[in-house]
Amino acid sequence: MAYALFDDNLYMLDEREFSHSKDSEDGVLMEGSKANDADIIPSSSIVKQLAVAVEAGLNYSSMKDLRASSRGSSPIRERASLSFSAMKSLVLREKEDKLASEFGADEKVLSVINALLNAEGHFTGRTVSGLEGQINATSLLKDIRGAPVESFVVKLAEAVGCLKTVQKMGSFWSRVVAELRRLWYEGQYIPGIPPDNIPDLNSCLLYQQLQVINRCISRKTRHSAAVKSLESVEVQASSNVPCSSASGNTLLPDPCLYAKTKSGEVVLRLGADRECDNLTMLETGVPVYSPVLQEPPLLTEDLIKETEEFVLRTGSVGAGCSQLLSDMQAFKAANPGCILEDFVRWHSPPDWSENEATSELDDTSDCSDLSSGKGQLSRRMQKEGNLWRELWETSKPVPAVRQSPLYDEDLAVEGILDYLDTIPPSDLFKQLFIAVLGSGLVIADVTLSTNSNLSSFFNECKNYVVVTCQGHSWIEKLDDICQVYETVETMLLNKDEVINVTIHPEETAAAGEMRNRFKRLSLIFGGKNKSSSKTPSKDSTNTEESSGRQTFSLFSKKPPKPAASPSEKPSGSVENDWTIL
């Protein structure tokens, strides 16, 4: 069986996956597949192409180097060691170089990118029924650090895996990054990525970075709304000046806009969000309002690691101190006349105890009479040199939208986009490989885990992939991972045939051969080295010469041959059924 994989299939992918044209489904990504299966997993051909791209990408330090490469070699062809003549190879190489130079203007490629990142935001990614509430699905993707099945990352991985050369993969990725940059400048969300979630540290880094981009768009939208709201409050206050009553007391026209201080002065609230229930300021009895705060920095796993290393190296508290100071300034602006105890009661309730306070207070406590009569701060807050007290004394009443930003969304996203534009190819392809691998296993799990005849063997396959991908040297086992994935694909697409073999393995010679293939796969699960797995067995005397990546179809897509007696069994039958892809 030959790969139906090359560039033409990227164009067919546009018609099949994005337009859902049933006429173009048959025979596009893999031969013998059931095109009418709504829960079809990503083709093993795509997984293999990405696996080879992972290894090929190790030869380049960045995408810039990859795009600058003039060689348009096909990873599948190079590793499969097919017998092409030198002249034919030269002609094909020249044709690929020409296509690569024209790649950026290819309308079909652009249509695929537009389908991935369409302007209307209607993501047409893979939808799978039965995944709702599936704990196993979440656990599996978490274990291998993949990406959600219906996410943009998985769809991107499938599109990249349909390209024929690593150079074209790099060119395609460059166009994708350019489109991501355009969406950012236009304030449009990346489809297939949650619009306002913090980075999911259980997913791959690429998915986290795309989450940051969407979250930053949401934050900029909220910031613009907060600025307009503050300006509106100021305009409203300028036309509604507090006045004095006949008795000389100042009337508050709107307690949501104004607060009275201990001295009786009426001050405009700035940056107030909402009134806090059952919480009033200790000195004035005026309701406490929660302020609009600056949102904390968005940290992906790589930034968290850098931050931890910085803190360990310098002993600095860094961003935590800045965030606390920002919150204090916003609280003071929204609650004129407040004191530290008011802020602590709102920000850190465990550090405040009501009037039933213990008698263990230090005699040196300098709490005011009012606050000590209603409660007291915790011991750590009363210690001399306490950071909270020092920051409170230096903080000024400044609403969040007018403070120096703790996190610059523009700078952060530009940094991510610049990194993605020059990302080491192997790092990108590894994430795409894991994403599409996890997607296939999750989809297959919906069907196979409930099949009493196949669930046990499928769980073996799934567990092997999870354990292997959690190790640091899983790249060395790409061949085995691909073989296991192809087995899962076959179990999903040819359930009846596989069930028949597993239930009645002794009835036919073909079934006996199939059983031997299960044994071969068990060598992978058993952790045997590759040399032992290639050792000829008693049932298989003819093996293929190993040169580069070997990939096998563990199950024949053709119907089983008529039963034959053991003595009539051809000596090379096992080799013939193990089809080179």
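Hi everyone, let's start with a pair of helices: helix 13 passes helix 16 in a right-handed crossing. Before going further, please keep in mind that this is a predicted model.

So how do we talk about such a pair? Two packed helices are described by the angle between their axes and the distance between those axes. Here, helix 13, residues 340-347, and helix 16, residues 387-394, pack at about 120 degrees, and their axes are 11 Å apart. Is that perpendicular or oblique? Roughly perpendicular would need an angle of 65 to 115 degrees, and roughly antiparallel one over 145. The angle of about 120 degrees fits neither range, and therefore helix 13 and helix 16 count as oblique to each other. Which residues make the contact? On the helix 13 side you will find Leu340, Phe343, Val344 and His347, and on the helix 16 side Trp388, Arg389 and Trp392.

Now let's step back and look at the whole chain. The protein chain has 24 helices and eight strands. It has 581 residues, and 46% of them count as buried. Take the contacts in the chain with a separation of 6 or more: 73% of these are between residues 24 or more positions apart.

Next, the inside. The largest nonpolar core holds 90 residues, and Phe172, Phe429 and Phe433 have the most contacts inside it. Which helix gives the most to this core? That is helix 18, residues 425-448, with 13 residues. Another core, of 22 residues, lies apart from it, and Trp392 is among its members, along with Ala259, Leu279 and Leu324. We have met Trp392 already, in the contact between helix 13 and helix 16.

Let's stay with helix 18 for a moment, and find Ala444 in it. Is Ala444 buried or exposed? Its relative accessible area is 0%, so Ala444 is buried. If we leave aside neighbours within four places in sequence, Ala444 is in contact with Ile41, Ser449, Phe458, Val488 and Leu492. You can also look from Ala444 to Lys462: they are 18 residues apart along the chain, and their C-alpha atoms are separated by 9.7 Å.

Now for a loop. Ser203 sits between helix 9 (166-185) and helix 10 (205-238). Why does Ser203 count as buried? Because its relative accessible area is 4%, and the cut-off for buried is under 20%. The side chain of Ser203 makes a polar contact with the side chain of Asp200, at 2.9 Å. Beyond its neighbours within four places in sequence, Ser203 is in contact with Arg145, Gly146, Pro148, Gln208 and Glu301.

That brings us to Arg145, which lies in the loop between helix 7 (135-144) and helix 8 (152-161). Here is some background: most residues other than glycine have a negative phi. Arg145 is not a glycine, and yet its phi is positive, at about 60 degrees. With a relative accessibility of 30%, Arg145 counts as partly exposed.

Where else can we find a positive phi in a residue other than glycine? Asn278 is one such place, with a phi near 55 degrees. Asn278 belongs to strand 3, residues 272-280. At 82% relative accessibility, Asn278 counts as exposed.

That's my tour, so have a look at these residues in the structure. Thanks for listening!

Definitions and conventions. Residues are numbered from 1 along each chain as its sequence is written. This is a predicted model: local features need pLDDT of at least 70, side-chain atom pairs count only at pLDDT 80 or more; totals for chains, interfaces and linings use all residues. Side-chain values use heavy atoms; hydrogens and water are left out. A nonpolar core is a set of buried Ala, Val, Leu, Ile, Met, Phe, Trp, Tyr and Cys residues joined through side-chain atoms within 4.5 Å. Buried means under 20% relative accessible area, exposed over 50%, partly exposed in between (1.4 Å probe, protein chains only). Helices (H or I, at least four residues) and strands (E, at least two) are DSSP runs, numbered from the N terminus. A polar contact is a pair of N or O atoms within 3.5 Å; within protein, one must be able to donate a hydrogen and the other to accept it, and residues adjacent in sequence count only if both atoms are side-chain atoms. Contact means heavy atoms within 4.5 Å. Axes are lines fitted to C-alpha atoms, for helices over the stretch in contact, and angles run from 0 to 180 degrees between N-to-C directions. Angles under 35 degrees count as roughly parallel, over 145 as roughly antiparallel, 65 to 115 as roughly perpendicular and the rest as oblique. A crossing is left-handed if the near helix is turned anticlockwise from the far one by less than a right angle, and right-handed if clockwise.
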